[in-house]
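Student: I would like a close look at one part of this structure. Please take me through it step by step.

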Amino acid sequence: MASLQIPKEPLPKPTWWGNVCAGVKSTWVGLGITWRNFRSTPVTIQYPDEALPIDARYRGIHFLEQDICIGCQACAKACPVDCIEMEYDRHGKELEWFKFTVDYEKCMFCELCVYPCPKDCIHLGSDYSMVSETKPMFLKELLSYTGLTEEQKVRIAKADELKKKKAAEKAAKKAAEKAAKEAEEAAAPEAPPEPPTKEKE
Ligand code: SF4
Ligand code: SF4
């Protein structure tokens, strides 16, 4: 490591002509830099109307593929700062969503919530702009819709219908089996009366 060299002798005092030459030289150096930048293309962008390209592996604000999420909570359990919360109701295989939030006051963009997802449906995107003077803005809702979609309602109705049909078939089968057993019992010949047993003397 280079140590600071302190000159033993004081530096010679610059002359008047020396100062003039140094001033002229530094002016030309400065003008050269100005000229070089004057000819180069500008790098200023009009943010937020324009934005610089983001790296593909940038870890920005989350986005969720809601339609394939199964509500297993693996992402929420993996989060080291507990900033993911979700609420939903199950209707068989369908989920009725109420809430899926990330609290960006706590989130540190570590991506640990992404790896355990069995459906690969939660991601960190390239969006980074989140500016606000109020706290609620930092509690971001990742759901694109809440409740049930029309397709889900149709699927639930079909599943319920199928369930009812299967239950009715099962009940009918059980009733038929019971009736057959009763008929079999009615058709069977009556057992002959048992011979009287000898009483012990
Ligand atoms: S990026 Fe990290 S801190 Fe943020 S929600 Fe995911 S696991 Fe939690
Ligand atoms: S881990 Fe994936 S599938 Fe499970 S709740 Fe989170 S986002 Fe949904």
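**A close look at W97 and its surroundings**

Tutor: Start with W97. Leaving out neighbours within four places in sequence, W97 is in contact with Q66, Y88, L143 and T146. Keep in mind that this is a predicted model.

W97 also belongs to a bigger group. The largest nonpolar core has 10 residues, and W97 is one of them. The others are L64, C69, C75, C79, I84, F100, V102, C113 and I122. Strand β3, residues 94-103, gives the largest share of this core, with three residues. There is a general pattern here: in soluble globular proteins, nonpolar side chains tend to be buried together.

Now follow β3 to its partner. Strand β2 covers residues 84-91, and eight bridges join β2 to β3. The two strands run antiparallel. Across this pairing, E87 stands opposite K99 in β3. β2 and β3 form a hairpin, with two residues between them. G92 sits in the turn and has a positive phi of about 65°.

Next, the ligands. Ligand 1 is surrounded by 13 residues. The closest are C79, C107, C110, L112 and C113. Two of these names, C79 and C113, also appear in the core list. By class, the shell around ligand 1 has 12 nonpolar residues, one charged residue and no polar ones.

Ligand 2 has its own shell. One stretch of that shell is C69, I70, G71, C72, Q73, A74 and C75. The rest of the shell is C117, P118, K119, C121 and I122. By class, this shell has nine nonpolar, two polar and one charged residues. C69, C75 and I122 are in the core list as well as around ligand 2.

Then look at the loop between β3 and β4, where E111 lies. Strand β4 covers residues 122-124. E111 counts as partly exposed because it has 14 C-beta neighbours inside 10 Å. Not counting residues up to four places away in sequence, E111 touches R59 and L124. H62 is 49 residues from E111 along the chain, yet their C-alpha atoms are separated by 9.3 Å.

Finish with helix α1, for contrast with the core. α1 spans residues 16-39, which is 24 residues. From first C-alpha to last, α1 reaches 35 Å, close to the 34 Å expected at 1.5 Å a residue. The helix is hardly covered: its count of buried residues is zero.

Key: Residues are numbered from 1 along each chain as its sequence is written. Chains are lettered from A and ligands numbered from 1 in the order in which they are written. This is a predicted model: local features need pLDDT of at least 70, side-chain atom pairs count only at pLDDT 80 or more; totals for chains, interfaces and linings use all residues. A residue is near a molecule or strand if its C-beta atom, placed from the backbone, lies within 6 Å of it. Ala, Val, Leu, Ile, Met, Phe, Trp, Tyr, Cys and Pro count as nonpolar, Asp, Glu, Lys and Arg as charged, and the others, Gly among them, as polar. Helices (H or I, at least four residues) and strands (E, at least two) are DSSP runs, numbered from the N terminus. The expected span of a helix is 1.5 Å times one less than its number of residues. A residue is buried if 20 or more other C-beta atoms lie within 10 Å of its own, exposed if 12 or fewer, and partly exposed in between; C-beta atoms are placed from the backbone. A nonpolar core is a set of buried Ala, Val, Leu, Ile, Met, Phe, Trp, Tyr and Cys residues joined through C-beta atoms within 7 Å. Two residues are in contact if their C-beta atoms, placed from the backbone, lie within 7 Å. Two strands pair if DSSP finds at least two bridges between them.
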